[in-house]
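Please look through the structure shown below, taking the strands, the charged pairs and the enclosed spaces in turn. The text that follows is meant to be read with the model open.

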Amino acid sequence: MSFVDGSIMKQVLILGAGAVARPAVGYLLEKKGLEVVVADRDPGKAEVLVAGDPGGRAVALDAGDAPMLERTIAAADIVVSLLPWSLHPVIAELCLAHGKHMVTASYVKEEMQAMDREARDKGLIFLNEVGVDPGLDHMSAMQIIDAIQAEGGRIDSFFSYCGGLPALESNNNPLGYKFSWSPEGAMLAATNDGRYMEHGKVYEVPGCDLFKHYWLKSVPGAGVFEAYVNRDALPYLEIYGIEDASGIYRGTLRNVGYCETWDFIKQLSLLNRKMKFDFDEVSPREVLANIVNCPETKVRAGVAAYLKIPEHSLTLKKLEWLGLLSDRKLPIGTASVFEMLSHTLKSRLVYDEGEMDLLVMHHEFEVVYPDLPRQRIQSTLIDYGIPGGDSSMSRTVGYPVGIAAGLVAEGRITQRGVLRPVSAEIYTPLLAECERRGIHFEERRSDLDTDELSYWGD
């Protein structure tokens, strides 16, 4: 497609019309010189995002249809994948085969990293981790790290936290959490191992202990949360260029009480994907009675004894509120216990019309300067969803993804290969554009007492 002046219109293909796609599509439709094609299994969802804009087009696409997927990618210039991360290697291979740039919000997995050499050789950009976490965390951190190093300072520790939560006025369930997307990803992440370093000592947190290893964290302007380790933080020493730091941590923020509840959920084997029941015949109460080996009529006492907690404990009240002590059958047929819990979470922990979510990201740096006292630098993002509009999660993922695709389309990224947004040529314009849309960080600096154990402090 060409303009009247002969310049070529570039096609940006958005794969997936899910919850985070609308801000990305809306941003790209504002750009001149782009045709935005939104592809989804449900073309009606794609059409809603395009909203009749002459610069956009909705198409039906089943990502499992390999020939159709290849034809659709071959027609594009830039492919933005908002599909599950497990599909990214397949999409990336097609982008390599047809010479297309690619943008995702997902972590760089081994399969993606393995394509770096070929992507560079072909002059392609495979820009990943440009959502919120990962994404804005990298960009906001690197902006500060580069500035500190330019001032002659050295990062001695970097602790970073992020959480997507219900806003206070919408936090109206006993678990203090809601899903704006399918809960399976969070359920699977509940079994991840974690690793971080504090005062030069490396801490390994096995997945079975993930929710036992947490602390309370106060975030200025947001409140007090529980923080637990998010995957392996140590590779970011090299990624961020702070190899000589004595501390690095990446944590997830949740409302108080979350970790204990999820630890008990794991102890009850409710994340088991192999244990199956016919839920046309068996109720959640019977499932729990089977797991803790007690009579169905005494399941409350049986669960309490199994978990070694009082029968009047808050955890049991939460399980009851979820419906896991109910004798009502579930319309899911034969399914795993994992699927039973997922169905329950989808039906109970959801945002109602007009409710708001909250995104909190908080960085803490300890910085050593040659001729100044030791410094603490804090950088905090607090962002709320828009009632009746986009959620904070969709804005803080969708806008960075859309902006990144725009930078690629405009030729403003000179690097090639498999990339993260840790260089100034990417993070500077991207953060500036996010700020114009109200997504901004507040920075605080203060002197730090050298005797203070500030990794934990507030």
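**A hairpin, charged pairs and spaces**

In this predicted model, strand β8, which spans residues 194–198, is mostly covered, since four of its five residues are buried. Its neighbour is strand β9 (residues 201–205), and the two run antiparallel, joined by five bridges. Within this pairing, Tyr196 has Tyr203 of β9 as its bridge partner. The hairpin that β8 and β9 form has two residues between the strands, and in this hairpin His199 takes a positive phi near 50°.

From the hairpin we can turn to the charged side chains. Side chains of opposite charge can pair when their charged atoms come close. A search of the whole structure finds 27 salt bridges, and three of them are described here, beginning with the one between Glu30 and Arg437, whose closest N and O atoms are 3.0 Å apart. This pair links distant parts of the chain, with Glu30 in the loop between α1 (21–29) and β2 (34–40) and Arg437 in the loop between α16 (424–436) and β18 (442–447), 407 residues apart. Glu30 counts as exposed because its relative accessibility is 56%, where the cut-off for exposed is over 50%. The contact also belongs to a wider arrangement, for Glu30, Glu433, Arg436 and Arg437 are linked in a network of salt bridges.

A second salt bridge joins Lys178 to Glu355, and here the closest N and O atoms are 2.6 Å apart. Lys178 lies in the loop between β7 (154–166) and α8 (184–189), and Glu355 lies in the loop between α14 (337–348) and β15 (357–368), so the pair ties together parts that are 177 residues apart in sequence. Is this pair, Lys178 and Glu355, buried or exposed? Both residues, Lys178 and Glu355, are buried, whereas Glu30 of the preceding pair is exposed.

The third example is the salt bridge in which the side chains of Arg445 and Glu443 meet, at 3.2 Å from N to O. Arg445 has a relative accessible area of 39% and is therefore partly exposed, and Glu443, with a relative accessible area of 43%, is likewise partly exposed.

The remaining topic is the space within and around the fold. How many cavities of 30 Å³ or more does a search of the whole structure find? The search finds four such cavities, and the largest cavity holds about 50 Å³ of space. The largest cavity is lined by Trp85, His88, Pro89, Tyr107, Lys109, Glu111, Met112 and Asn128, and to this lining α4 (88–98) and α5 (110–113) each supply at least two residues. Sorted by class, the lining of the largest cavity has four nonpolar, two polar and two charged residues.

Among the pockets, the second largest has a volume of about 560 Å³. This second largest pocket is lined by 24 residues, of which Ala19, Arg22, Gly389, Asp390 and Ser391 are the closest to its centre. Helix α2 (residues 43–50) gives the most to the lining of this pocket, with three residues. By class, the lining of the second largest pocket has nine nonpolar, eight polar and seven charged residues.

Notes:
Residues are numbered from 1 along each chain as its sequence is written. This is a predicted model: local features need pLDDT of at least 70, side-chain atom pairs count only at pLDDT 80 or more; totals for chains, interfaces and linings use all residues. Side-chain values use heavy atoms; hydrogens and water are left out. Buried means under 20% relative accessible area, exposed over 50%, partly exposed in between (1.4 Å probe, protein chains only). Two strands pair if DSSP finds at least two bridges between them. A salt bridge is a side-chain nitrogen of Lys or Arg within 4 Å of a carboxyl oxygen of Asp or Glu. On a 1 Å grid over the protein atoms alone, a cavity is a set of points where a 1.4 Å probe fits but cannot get out, and a pocket is an open set with protein on both sides within 12 Å along at least five of seven lines; lining residues have an atom within 4 Å of a point. Grid points are joined across faces, edges and corners, and a volume is the space filled by probe spheres set on the points. Ala, Val, Leu, Ile, Met, Phe, Trp, Tyr, Cys and Pro count as nonpolar, Asp, Glu, Lys and Arg as charged, and the others, Gly among them, as polar.
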